[in-house]
Amino acid sequence: MTVEGLMKVASPFYNKFRELRANIQHRPPRVNVNRRSDAPDHVLIIIVDALRPDQVPDIDGFSTSEVITPGTWTYPAVTSIHSGEYPHEHGAVVHTNSEDETFATPEQAQPEHTIPEIAEAAGYDTYGGFAFVQPFLATETWYQTHRVFQDSKASTVLEDYRKWRTGRELTFGYVHLSDLHIPVNPPDEYIEKFNVNTDIYDLDGFGGYMDNYDPDDSEAVHFRKHRLRLSSAAFDYVTDCIQSLCDEIMSDTLITVTGDHGEALYEHPEVDRKFTDSRPNYGVGHGGTPFDKVARVPVAVSDDRICPIGGVGSHVDLAPTLANEIIGDNPFTKCEWQDEIPNDRIAICEASRYGAERKAAYMEMNKIICSKKDDVTLTGVVEHDGENFKPIPEEKREALVESLPDFWDISDSPVAENRLIEDQLKALGYK
Ligand SMILES: [Zn+2]
C-alpha cells in the first residue's frame, strides 16, 4: 500500500490518537486572571473555512461587519486568531520552495498568550472542535478537550460541541467548519435549491482550472458559474446549521462567526502571474496572493457592542476583544472591538505558504499587494465586489508600504517538513 493509501485508511485512528495526545499534553494556564462578574457564561468562536467576503452569515439577532485576515492560509490565520499576533510575529509560517513537490507544515507557534488559555484561567472549560486536521495542528494542546473530524459536515461538528457543553456552567468553545473548503459537498437539497449542475468535472474542487483559467473560454466560465452556485449552496447549508445552534444557545452565549480567510474563484488569474510560483492555483483557492476575496472576511457577532466599527478591523483583534469581555483586561496588544477602530488603522494580510512572499495592507478603502522578492507593488481601491487595481494617493501608498514587515527568508522559518505523514506513520507503529 502507498503512503497516501495508508494515510487514508488510517486517518480516523490517527485523528483519535492526536486528539487524545493533545488532551493529555494540555498544560494548565500560566496566568492568573479573574473573570468579570458580568462576563458571559459561554463564549463560542465559529470559523467557517474559506468564507468569501460576499458570504455574510445572516443569523437572527447578529450584527455584521468585516475584517482582514492576518494570513491567507488556515494554519497561520488560525494561530493569529488565537494569539492576537500577525504571522510574522507568531512565526507559524512556512514557505515551500518552488522546486519542492510536497508542502511543508509549520512548527506550532508558542505565543505568550492564547485566548483559550485566558478563558481557562478565568474558570471556563475549553473545547476545540475541528472539521479537518489542519486547524487542529495549529492549536493542539491549547484546549482541555480537542475533537478532530475527517472532513465532517457542520451538523456533525456543531452537534459534538453542543453535547460537550451540555451541563457545563462556563464554557469557551472554538469550532472550525470545512463545508466551504474543497471538496465542497453540501447536502442534495441545497444543491437542488441552487440549481447546481453537479455533472461538471471536479465541480467540488477547481475543475482542473488551476493555472489555465481563461475568461474567454465558455466552458471555463460555465464551470465558474456553477462553482459559485455550489459555494452558495454550501454557505446556505452551513448558515442553517449555525442558525439552529444559535437559536438554542444565544441567550447565554457570546458568539462570533467568521472565516479564517476567504477563497478566490478566478477574479484575477492574470494578475497572479506577476508573482513567482502562485501554485498550486493561479487566482483560485487560498494560501497564495492576498486578493480581496481571500483577505477580507465577514464577521457576525451575537452582541453588537463588539461588532467592529470605524477603521479596518483584523482577526488579530478577536483575542483582545474576547479577553476584555471575559476578564475586563487585555494582555494582547491589538485593537478591541468594544472601541471604535481608528480610521488610519492599517491591517496586514500575509501570504505565507508558497515560494514568493506576498503581503497585503489595507487602510480605509485603499489597499496594496506587495512582494518585495518579486519587486511587485499593486495598488487598488476596495469596492463592493473586490479590489479595483488603480493608483491611490501617494501618501496612502507610502504609509501602506511602510507598514509591511520585512519579508522572511525561507531558511528563517522553522519547518516541520512532512510532519503529518511522519506522525501518522508513527501513530501506526511504522516509525
Ligand atoms: Zn482555512
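Visitor: In which loop is Ala-50 found?

Guide: This is a predicted model. In it, Ala-50 sits in the loop between S1 and strand S2 (63-68). Its backbone deserves a look, since Ala-50 has a positive phi of about 60° although it is not a glycine.

Visitor: Is Ala-50 buried or exposed?

Guide: Buried means under 20% relative accessible area. Ala-50 has 1% relative accessibility, so it counts as buried.

Visitor: Which other residue has a positive phi although it is not a glycine?

Guide: Tyr-266 does, with a phi of about 65°. Tyr-266 belongs to the loop between strand S8 (264-265) and strand S9 (284-285). Because its relative accessibility is 5%, Tyr-266 counts as buried.

Visitor: Where is the peptide bond that is cis?

Guide: Look between Ile-182 and Pro-183, where the bond is cis with omega near -5°. Pro-183 is in the loop between S6 and helix H7 (188-193).

Visitor: Now the metal. Which residues are the protein donors of the zinc ion?

Guide: Asp-49 is listed twice through OD, together with Thr-74 (OG1), Asp-260 (OD) and His-261 (NE2). These donors lie 2.0 to 2.5 Å from the zinc ion. Along the chain their spacing reads D-x24-T-x185-D-H.

Visitor: How many residues apart are Asp-49 and His-261?

Guide: They are 212 residues apart, so to speak a link between distant parts of the chain. Asp-49 is in the loop between S1 and S2, and His-261 is in the loop between strand S7 (253-258) and S8. Both Asp-49 and His-261 are buried.

Visitor: How should I read the side chains of a strand such as S7?

Guide: In a regular strand, side chains alternate between the two faces of the sheet. From S7, Thr-253, Ile-255 and Val-257 point one way, while Leu-254, Thr-256 and Thr-258 point the other way. Six of the six residues of S7 are buried, so this strand is largely enclosed by the rest of the structure.

Visitor: Which strands pair with S7?

Guide: S1 runs parallel to S7 and is joined to it by six bridges. Leu-44 stands opposite Ile-255 of S7. S10 pairs with S7 in the antiparallel sense over three bridges, and Val-257 has Ala-300 of S10 as its bridge partner.

Visitor: What is the general idea behind a nonpolar core?

Guide: In soluble globular proteins, nonpolar side chains tend to be buried together. Here the largest nonpolar core has 47 residues, and those with the most contacts inside it are Ile-115, Tyr-124, Phe-172, Tyr-174, Leu-322 and Ile-326. Elements that each supply at least two residues of this core include helix H1 (3-25), strand S1 (42-48), strand S6 (171-177) and helix H10 (318-327). H10 gives the most, with six residues. A second, separate core of 46 residues includes Phe-62, Ala-131, Leu-158 and Ala-300.

Visitor: What is Tyr-124 in contact with, leaving aside its neighbours within four places in sequence?

Guide: Among its contacts are Arg-35, Pro-40, His-42, Gln-144, Phe-172 and Ile-326.

Visitor: How does one find empty space inside a model?

Guide: Rolling a probe the size of a water molecule over the atoms shows where empty space is left. The count here comes to two cavities of 30 Å³ or more.

Visitor: Which residues line the second largest cavity?

Guide: The lining consists of Ala-50, Arg-52, Gln-55, Leu-180, Arg-227, Ser-231, Glu-263 and Leu-265. About 30 Å³ of space lies in this cavity. Ala-50, with its positive phi of about 60°, is thus back in view as one of the lining residues.

Conventions. Residues are numbered from 1 along each chain as its sequence is written. This is a predicted model: local features need pLDDT of at least 70, side-chain atom pairs count only at pLDDT 80 or more; totals for chains, interfaces and linings use all residues. Side-chain values use heavy atoms; hydrogens and water are left out. A nonpolar core is a set of buried Ala, Val, Leu, Ile, Met, Phe, Trp, Tyr and Cys residues joined through side-chain atoms within 4.5 Å. Buried means under 20% relative accessible area, exposed over 50%, partly exposed in between (1.4 Å probe, protein chains only). Helices (H or I, at least four residues) and strands (E, at least two) are DSSP runs, numbered from the N terminus. Contact means heavy atoms within 4.5 Å. Donors are N, O and S atoms within 2.8 Å of the metal (3.2 Å for Na, K and Ca); water is not among the atoms, so sites may look incomplete. Two strands pair if DSSP finds at least two bridges between them. On a 1 Å grid over the protein atoms alone, a cavity is a set of points where a 1.4 Å probe fits but cannot get out, and a pocket is an open set with protein on both sides within 12 Å along at least five of seven lines; lining residues have an atom within 4 Å of a point. Grid points are joined across faces, edges and corners, and a volume is the space filled by probe spheres set on the points.
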